[in-house]
Amino acid sequence: MKTGIIGSGAMGSGIAQVLAGAGHEVTVYDNNPEAVLKAEARLKDTMALLTAKGKFTQEKASGLLSRIRFVPDFDALADASLIIEAIVEKLEVKQAVFRELEEIASPECALATNTSSLSVTAIAAACAHPGRVFGLHFFNPAPVMQLVEVIPAAQTDRDRIKRAVSWVKEWGKIPVMARNTPGFIVNRVARPFYSEALRILDEGLADPATIDRAMTHFGGFRMGPFALMDFIGHDVNYAVTESVYRASFHEPRYKPSFTQKDLVEAGFLGKKAGRGFYDYRPEAPAPVPSEDGALGQMIFKRILVMLINEAADALHFGIAEREDIDLAMTKGVNYPKGLLAWAEEIGVGECARMMDELYDFYREDRYRCSPWLRKNALQKAP
Ligand code: NAI
C-alpha cells in the first residue's frame, strides 16, 4: 500500500519507520526542506545504529530505507491510500493542510491526524468529505511504543474505523478506541500523575526527589512524576495540561500548576535545558529523597487513587472500554499495572473511601469520587 506522512519531525519520521517496517511504501513530506534533509539523515543514522547493534539485519535496514522517500513536494502524496498528518499542534494549520490535502488525494484515500490534544472532529470539519478522517495517535518513540489510540471524529464512517483498526494491527501495534474528548485516553488518565504530584509539592508536603522515590519505590513506576516532566520538557507537558484544562471547560482536576508555569517562563524546561525540577549541570549535588516510609506510602497512595479515579471516570463517561483503558496506560506510558485492575486489587470500596477522605479534608471538586467507583463500591459492599 502507498502511504503518505505530513511532517518529518520526531513523530512523522517514527511513524514512517513503522509503516515502512510493515512493508508499505511511504512518502514523507515536510514544508521545511531543511527538516526533510535532516529527517532522512536521521533515519539513515538510526538504521546504521540498529544494524551495528545487531537489532536489524543489513537487509532489513536497507529494505526499510528503500521504501521511504523524503520530499519537500506536497503533490508527491497524491497516490497514497492513507495519509497521516504529524505537523505542528495548531488547529488552524492542521485544518488548512487537510483542506489542501483533499485537493490532491484520491477520493478513497483515508486521512488521519496524529494530534495529541486537538479535536479530531474540528480537524475533520475542515474537509469536504469528513467521513474519511480519523485520529491515529501514536506515542513517542513511535517505532518502540506499541500503543495507537484510534479516534473516530463525529463525522467518521464506521468502515473507515474498522479498516484503521486492522491497519494498526498489521503494523504490529496495539489499537485502542477512544472517544474524541480532551486528551483521549492516555493524556487524560495520566494527568493526576503530574498534577497530584505538583499539588503535593505545592502544599509543601514533600520535595520532588521524595515524591519521585515514592512512585518508583512503592508504586513500581519506571520514572517519578518530576523526573518524567523534566524528561518530557515543561513546555510540552504544561501545554498539554493547559490544553486539556481549557478543552474540558475548566475541569478542576486538570488545573495547571503555577510552579510548572514558573519553570516554563524561566526557561527551566527540564533535562534539555539542563534545569527543571532537578539541576542537571555537572556540578549540581544529587538530590536526596526522604527515607520516611510512611510519608512515601501516603504520597504513593494519594497519587495512585487519583489516577484510579481518573480511569474510573473515563470508563463512566464511555471514553473507552475497560480493557482499552488498562491497555492504554500499560502500553502507552508503561504503567506497571492497568489502573482499573489495580483498583480491583486494592478494592473499589477502599478506593472510594480514599477519595472521600481527600474530599472531606479539602472540600474541593477536584477530589470528588467518580460515580463509577461509588456505584461499584456499593454493589460490592457486603
Ligand atoms: P516536530 O516539531 O518534531 O515536527 C513537526 C514537523 O512538521 C516539522 O518538521 C515541521 O517542519 C513540519 N510542519 C509544520 N507545519 C507544516 C505544514 N504546514 N506542512 C508540512 N509540514 C509542516 O513535532 P512532533 O513532536 O513530531 O509532533 C507532531 C504532531 O504529533 C503534533 O500534532 C503533536 O501533538 C503530535 N504528537 C507528538 C508526540 C510527541 O511526544 N512529540 C506524541 C504524540 C503525538
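Select N334 to begin: this residue is partly exposed, because 13 other C-beta atoms lie within 10 Å. The class follows from a count of other C-beta atoms within 10 Å of the residue's own: buried at 20 or more, exposed at 12 or fewer, partly exposed in between, with C-beta atoms placed from the backbone. N334 is found in the loop between α14 (322-332) and α15 (339-346). Helices (H or I, at least four residues) and strands (E, at least two) are DSSP runs, numbered from the N terminus. The phi of N334 is near 55°, a positive value in a residue other than glycine. Most residues other than glycine have a negative phi, and most peptide bonds are trans.

The model is a predicted one, in which local features need pLDDT of at least 70 and side-chain atom pairs count only at pLDDT 80 or more, while totals for chains, interfaces and linings use all residues. Residues are numbered from 1 along each chain as its sequence is written.

**Further loop residues**

Move next to R363, in the loop between α16 (348-362) and α17 (371-380). R363 also has a positive phi, about 55°, although it is not a glycine. It counts as exposed, because it has 8 C-beta neighbours inside 10 Å.

Then select K271, in the loop between α12 (258-266) and α13. With 15 C-beta neighbours inside 10 Å, K271 counts as partly exposed. Adding D207 to the selection gives a pair 64 residues apart in sequence and 18 Å apart in space, C-alpha to C-alpha.

For a peptide bond of note, display N140 and P141: the bond that joins them is cis, with omega about 0°. P141 lies in the loop between β6 (133-138) and β7 (147-152).

**Two helices**

Select α13 (residues 293-316). Is this helix enclosed or open? Of its 24 residues, 17 are buried, so α13 is largely enclosed by the rest of the structure. Its end C-alpha atoms are 34 Å apart, which agrees with the 34 Å that 24 residues should span at 1.5 Å a residue; the expected span is 1.5 Å times one less than the number of residues. G318 follows α13 and has a positive phi, near 65°.

Helix α2 (residues 33-52) offers a second case: its 20 residues reach 29 Å from first C-alpha to last, close to the 28 Å expected at 1.5 Å a residue. Just after α2, G54 takes a positive phi of about 80°.

**The sheet**

Now colour the strands. In what order do the 8 strands of the open sheet run? The order is β3-β2-β1-β4-β5-β6-β7-β8, and the pairing is mixed. The strands at the edges are β3 (68-71) and β8 (174-177), each with a single partner strand, so one side of each is left without a neighbour in the sheet. The twist averages 25° from one strand to the next, with axes fitted as lines to C-alpha atoms (for helices, over the stretch in contact) and angles from 0 to 180 degrees between N-to-C directions. Two strands pair if DSSP finds at least two bridges between them.

Start from the β3 edge. Strand β2 (residues 25-29) and β3 run parallel, joined by 4 bridges, and V26 stands opposite I68 in β3.

Strand β1 (residues 2-6) runs parallel to β2, with 5 bridges between them; G4 stands opposite T27 in β2. The chain crosses from β1 through α1 to β2 in a right-handed β-α-β crossover, meaning that, with the strands pointing away from the viewer, the path from the first strand over the helix to the second runs clockwise. In β1, 4 of the 5 residues are buried.

On its other side, β1 pairs with β4 in the parallel sense over 4 bridges, and G4 stands opposite I83 in β4.

Strand β4 (residues 82-85) is covered on both faces: L82 and I84 on one side, I83 and E85 on the other, are all buried. β4 and β5 (residues 110-113) form a parallel pair over 4 bridges, where I83 stands opposite L111. Together with helix α4 (residues 91-104), β4 and β5 make a right-handed β-α-β unit.

**The ligand**

Finally, select the ligand and its shell. Which of the 23 residues around the ligand come nearest? They are G7, G9, M11, A35 and N140. A residue is near a molecule if its C-beta atom, placed from the backbone, lies within 6 Å of it. The elements that give two or more residues to this shell are α1 (10-21) and α4, and the largest share, 3 residues, comes from α1. By class, the shell holds 11 nonpolar, 10 polar and 2 charged residues, where Ala, Val, Leu, Ile, Met, Phe, Trp, Tyr, Cys and Pro count as nonpolar, Asp, Glu, Lys and Arg as charged, and the others, Gly among them, as polar.
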